[in-house]
Amino acid sequence: MSESDVARERELTILSLYPRDMNIYGDRGNVLALVRRARQHGLSPRVVELNAGDALPGDVDLVIGGGGQDSGQGRVVSDLQGRRDEFRALAEDGVPMLVICGLFQLFGHRFITNTGAELSGIGVLDVETRGGDERMIGNIVVSSDEFGEIVGYENHSGDTMLGGGSRPLGRVLQGAGNNPRDGVEGARTGNVIGSYLHGSLLPKNPSVSDFLIGEAARRRHGSFEPREIDDTTAVRARASAKRRPR
């Protein structure tokens, strides 16, 4: 078997969602971290960027999207609405997804801004968000039954409430999370993760990267054999962030 045949056997297509408008607070670092991590596990990742008006590729193995200002959300919301059925079908088929901040909100049912404007979401996650008066900002630590401690950076004023169709990503140990009251962060439905953790999330949290990569590989290739990877740098970055609340 040639090297190109082996590469195709191990290929993963990573869809980077609206990087032109939804890419602030280091969210592109999540894409770079996934690519590096997938290669370390012996896979051949291929990144396809999807901006408003682009054609959705036919072979999507993993979806990742970031945050943006209200103006960025306004530019992509109509395009995302037009793809509602496609993304819901991908989610129902088990495609792993990580959507951060602004796209977390738009993957829910709706986002009502501080000015009262309503941006309709696509309902992949059972959440609803309203623009709040309090800005939640700083390093955040979340306890997850599946991923252990998750460390990130939050910077948002969205007040997000979960419905019964989604469960939290985890419980807040340090920081605010979805809102100032509930003590939880993020949302999970199937293999879809929504979160407010920027900063970037994946370089500091290899367990989340491995979940996304593993689910994508098993769905496409039928199996995933993780390799042992030295995570010393991630461990140090996590420790540093936890010592600095803001």
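Modeller: Two strands pair if DSSP finds at least two bridges between them, and in this predicted model the rule can be applied to strand 7 (127–144) and strand 9 (170–174), which run antiparallel and are joined by 3 bridges.

Biologist: What makes strand 7 and strand 9 a pair?

Modeller: The rule asks for at least two bridges and there are 3 between these strands, so they count as paired; within that pairing, Val-141 stands opposite Gln-174 in strand 9.

Biologist: How do you know that strand 7 and strand 8 pair, and in which sense do they run?

Modeller: They are joined by 14 bridges in the antiparallel sense, and since at least two are needed, the criterion is met. Val-141 has Val-151 as its bridge partner in strand 8, and the two strands form a hairpin with 3 residues between them. Strand 7 also pairs with strand 5 (residues 110–112), here in the parallel sense and over 3 bridges, with Arg-110 standing opposite Glu-128 in strand 7.

Biologist: Turning to the sheet of 6 strands, what makes strand 2 and strand 11 its edges?

Modeller: The sheet is open, has mixed pairing, and follows the order 2-1-3-4-12-11. Strand 2 (44–50) and strand 11 (187–189) each have a single partner strand, so each is left with one side that has no neighbour in the sheet. From one strand to the next, the twist averages 15 degrees.

Biologist: How do you know that strand 3 and strand 4 pair, and in which direction do they run?

Modeller: Strand 3 (residues 62–65) and strand 4 (residues 97–100) run parallel and are joined by 3 bridges, against a requirement of at least two, and Gly-65 stands opposite Val-99 in strand 4. Helix 2 (residues 28–40) packs on this sheet by touching strand 1 (11–17), strand 2, strand 3 and strand 4, with its direction at about 160 degrees to that of strand 2. Helix 4 packs on the sheet as well, touching strand 1, strand 2, strand 3, strand 4 and strand 12 (192–195), and its direction makes about 130 degrees with that of strand 4.

Biologist: Why is Arg-83 called buried?

Modeller: Its relative accessible area is 7%, and buried means under 20%, so Arg-83 falls in that class. Arg-83 lies in the loop between helix 3 (70–82) and helix 4 (84–92), and its contacts beyond four places in sequence are Tyr-18, Leu-50, Asn-51, Gly-53, Asp-54, Ala-55 and Leu-56.

Biologist: Why does Asp-21 count as buried?

Modeller: At 17% relative accessibility, Asp-21 is under the cut-off of 20%, and therefore counts as buried. Asp-21 is found in the loop between strand 1 and helix 2; leaving out residues up to four places away in sequence, it touches Gly-67, Gly-68, Gly-72, Arg-75 and Val-76.

Biologist: How do you know whether the span of helix 8 agrees with its 12 residues?

Modeller: At 1.5 Å a residue, helix 8 (residues 232–243) should span 16 Å, and its end C-alpha atoms are 17 Å apart, which agrees. The buried residues of this helix are Ala-234, Arg-238 and Ala-241; they cover an arc of only 65 degrees around the axis, which puts them on the same side of helix 8.

Biologist: What do the buried residues of helix 8 pack against, and which exposed residues does the face turned away carry?

Modeller: The buried residues pack against strand 7, strand 8 (148–162), strand 9, helix 6 (201–204) and helix 7 (206–221), whereas the face turned away carries the exposed residues Thr-233, Val-235, Arg-236 and Arg-243.

Biologist: Why is the pair of Phe-104 and Tyr-196 called edge-to-face?

Modeller: The structure holds 3 aromatic pairs. In this one the ring centres are 5.1 Å apart, which is within the 6.5 Å limit, and the planes stand at 70 degrees, over the 60 that the term requires, so the pair is edge-to-face. Phe-104 belongs to helix 5 (residues 102–106) and Tyr-196 to the loop between strand 12 and helix 6, 92 residues apart, so that the pair links distant parts of the chain. Both Phe-104 and Tyr-196 are buried.

Biologist: What makes Phe-147 and Phe-211 an aromatic pair, and of which kind?

Modeller: Their centres are 5.4 Å apart and their planes at 70 degrees; set against limits of 6.5 Å and 60 degrees, this is an edge-to-face pair. Phe-147 lies in the loop between strand 7 and strand 8 and Phe-211 in helix 7, 64 residues apart, and both residues are buried.

Definitions and conventions:
Residues are numbered from 1 along each chain as its sequence is written. This is a predicted model: local features need pLDDT of at least 70, side-chain atom pairs count only at pLDDT 80 or more; totals for chains, interfaces and linings use all residues. Side-chain values use heavy atoms; hydrogens and water are left out. Helices (H or I, at least four residues) and strands (E, at least two) are DSSP runs, numbered from the N terminus. Buried means under 20% relative accessible area, exposed over 50%, partly exposed in between (1.4 Å probe, protein chains only). Contact means heavy atoms within 4.5 Å. Axes are lines fitted to C-alpha atoms, for helices over the stretch in contact, and angles run from 0 to 180 degrees between N-to-C directions. The expected span of a helix is 1.5 Å times one less than its number of residues. The arc is that of the directions from the helix axis to the C-beta atoms. Rings of Phe, Tyr and Trp (its six-membered ring) pair if their centres lie within 6.5 Å; planes under 30 degrees apart count as stacked, over 60 as edge-to-face and the rest as tilted.
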